[in-house]
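User: Please take a close look at one part of this protein chain. I would like to understand its aromatic pairs, with some context around them.

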Amino acid sequence: MPISKRKTKKISKWQKKPIRKKTVARKSKFVKKKIKTRPKITSQKKYSIKKFFVLLIFLFLLGSVVIIISLTWMTRNLPDPEKLLEREISQSTKIYDQTGQVVLYEIFAEERRTMIDLSEIPQHLISATLAAEDKDFFTHPGFDLKAIARAILVDLIQGRKVQGASTITQQFIKN
């Protein structure tokens, strides 16, 4: 069988490339090269992919609702932070002399308390309390993960509760 040759036409002034006629396919003894093509996505695959994404969005929304409901349920009994400063703290009763400077008697029930301003507390006492209770008070966000891990490890090794890891902030919240 004769092989047809490709014929080209002259390029007209409006065309950029020559128009070629299609060649007749011929049978060859050589192995044909496989042409890599993208696999066709059938309508069933498209439906499956769409179904997967709809399920993914549904699970995300369901998870968000569950988290919001859980947080709401867990925080329902927390005290109002605005009322922390308004709480009544029992103090001891003091009986002064005529001048009002000397305390003659102090009457108290279980605890002997006298409220003072923060400015009246010496700086050395504040520093000593921070050194003993929470040396990183000004650097951590309210909890110390390294201290918690250390306390758990020591408690597991000792087999009983030996160390604590609560910060001053955690103790304040607990009380």
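Analyst: Here is the setting, followed by the aromatic pairs and two other features.

This is a predicted model, so local features need pLDDT of at least 70, side-chain atom pairs count only at pLDDT 80 or more, and totals for chains, interfaces and linings use all residues. Residues are numbered from 1 along each chain as its sequence is written, and side-chain values use heavy atoms, leaving out hydrogens and water.

The pLDDT is the predictor's confidence in each residue, from 0 to 100. Its mean over the protein chain is 78. Of the residues, 77% reach 70 or more.

The protein chain has 4 helices and 2 strands. Both kinds are DSSP runs, numbered from the N terminus: helices are H or I with at least four residues, strands are E with at least two. Along the sequence the pattern is α-β-β-α-α-α. Among these elements, helix α1 (residues 43–74) has the highest mean pLDDT, 91. Helix α4 (residues 168–174) has the lowest, 79.

Now the rings. Rings of Phe, Tyr and Trp (its six-membered ring) pair if their centres lie within 6.5 Å; planes under 30 degrees apart count as stacked, over 60 as edge-to-face and the rest as tilted. This rule gives 2 aromatic pairs. One is F52 with F53: the centres are 5.5 Å apart and the planes stand at 65°, so the pair is edge-to-face. The other is F137 with F138. Here the centres are 5.1 Å apart and the planes are at 80°, so this pair is edge-to-face.

How open are these residues? Buried means under 20% relative accessible area, exposed over 50%, and partly exposed in between (1.4 Å probe, protein chains only). F52 has 48% and is partly exposed. F53 also has 48% and is partly exposed. F137, at 29%, is partly exposed. F138, at 71%, is exposed. Across the protein chain, buried residues make up 6% of the 175 residues.

Next, a look at L59. This residue lies in helix α1. Its relative accessibility is 47%, so L59 counts as partly exposed.

Last, the strands. Two strands pair if DSSP finds at least two bridges between them. Strand β1 (residues 93–96) and strand β2 (residues 103–107) are joined by 4 bridges and run antiparallel. T93 stands opposite I107 in β2. The two strands form a hairpin with 6 residues between them. In the turn, G100 has a positive phi of about 80°.
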